[in-house]
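I sat down with this one to look up a few backbone and cysteine details. Here are my notes, in the order I made them.

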Amino acid sequence: MPDGSSGLAPHTVPVGGMALPGSRGAPRTRAPRDLRLDVLRGLCLVTIFINHVPGNDFEAFTTRNFGFSDAAEAFVMISGIAAGLAYSADFRAPMKLWQGLTRIWKRCWTLYLVQMLVTVAALAAAALAVRATGDMRILFENQMGWLWHHPLETLIALPLLLHQFDYLNILPLYILLLLASPLALIGAWRAPWLTFGLSVAIWAGFGIAMIAPQLWPMSGNWFFNPFSWQVIFVTGLLIGVASKDGRRFVPVRLSLQILAGGYLLFALVTCLWLDFSRGVGSTLWFLKDKVGVPWLFTDFDKSFLTAPRLLHILALTYLLSSLAVVRRICASRLLHPLAVLGRHALPVFAFGSIMAIGLQGLRHSTERDILLDGLLIGSGLALQFAFAFAREHWPKPAR
């Protein structure tokens, strides 16, 4: 999830892990801000908003149609990198441990308050849509119907994060991941590859056994299983910590770039070429049902972050972080609006999530029409960009 305080500071090491500006004993110079995190996070916000108004004609152009992972995986990865850059210094030496813990706990409390605000405001947006259209369906979609059928249980469960409305369930994931991040941050400084290995082991063990936190009063598990999704967040933390230390977590090698690019191309062809997709599906079915390969390595499940999705976001992260052209593109003036959007990701994400629920309700009373979709989606995005630019010039509190 977005962390507005976790963007790259002007003097921060770029995510590619280049050398720190200056050296010990020398005056510290201010390097140009690396805008990759901001721009890519802003792009994720745009994509998530479009996908959170399902059935519109612009969904076909979002990233999930061109690979195995989507904006959610990218968002969690970026959040991990940002958290690693923002909090890692406090976990390098024991004397700053308490400071680091309190900073993370404060951020988690902010995220929790935002989650509660978004939950209530989304209900208000749904009610407003009903008032405008007379169509009540939105009040019973996205797991909101539990509030009317089982009000006492649901009102208890919502603040405990045991019940989550659809499209509003990524912040609870981020809260848990950030609460657990001190362990990963300590490990990242002392044994990064062991930390990564333990994270992968947790992903595999809980995924194969299909263990996830349970919801209540409804049955089922969290849509974003934190035991599975932690592997993306921990990988991001390791990348951020390495960058903070002036190095890369995984070095730039042509062989790895070719391997990552090849997997991304394979995923693209699978998504766009139906006959090829059927062949891939048949092969994975054979491996699971005839050979006995665990389902975690053959399915495309999002909740448990199965291997094809995980490998896709890892390959995409490596390629984007290792190509110098990506840095140049993200630094262009043309993408400045996306960078502003990404710098204020948490409030923009909350605002967009509330609007998306309201737009879902409005679309129930309209026929599918690309011009109307363009008006609704375009207006929603315009308001988010306007909000982000307003936040950019928000008066700073007096110290």
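**Notebook: cysteines and backbone oddities**

Entry 1. I began with cysteine 108, and in this predicted model it counts as buried, because its relative accessibility is 5%. I then looked up cysteine 44, which is buried as well, at 7% relative accessibility.

Entry 2. How many disulfides does a search of the whole structure find? I got zero. A disulfide is a covalent bond between the sulfur atoms of two cysteines, so I wanted to know what cysteine 44 has around it. The closest cysteine sulfur belongs to cysteine 330 and lies 11 Å away, so it is too far for a bond. The cut-off I needed here is 2.5 Å between the two sulfurs.

Entry 3. Next I turned to the backbone. Most residues other than glycine have a negative phi, and most peptide bonds are trans. I kept that in mind while noting the cases below.

Entry 4. Leucine 161 is not a glycine, yet I read a positive phi of about 65 degrees for it. I found leucine 161 in the loop between helix H5 (151-157) and helix H6 (170-190). Its relative accessibility is 11%, so it counts as buried.

Entry 5. Leucine 305 also has a positive phi, about 50 degrees, without being a glycine. Its loop runs between helix H10 (274-291) and helix H11 (307-322). Is leucine 305 buried or exposed? I noted it as buried, because its relative accessible area is 0%.

Entry 6. Last, I checked the peptide bond from tryptophan 216 to proline 217, and it is cis, with omega near 10 degrees. Proline 217 sits in the loop between helix H7 (192-209) and helix H8 (226-244).

Conventions: Residues are numbered from 1 along each chain as its sequence is written. This is a predicted model: local features need pLDDT of at least 70, side-chain atom pairs count only at pLDDT 80 or more; totals for chains, interfaces and linings use all residues. Side-chain values use heavy atoms; hydrogens and water are left out. Buried means under 20% relative accessible area, exposed over 50%, partly exposed in between (1.4 Å probe, protein chains only). Helices (H or I, at least four residues) and strands (E, at least two) are DSSP runs, numbered from the N terminus.
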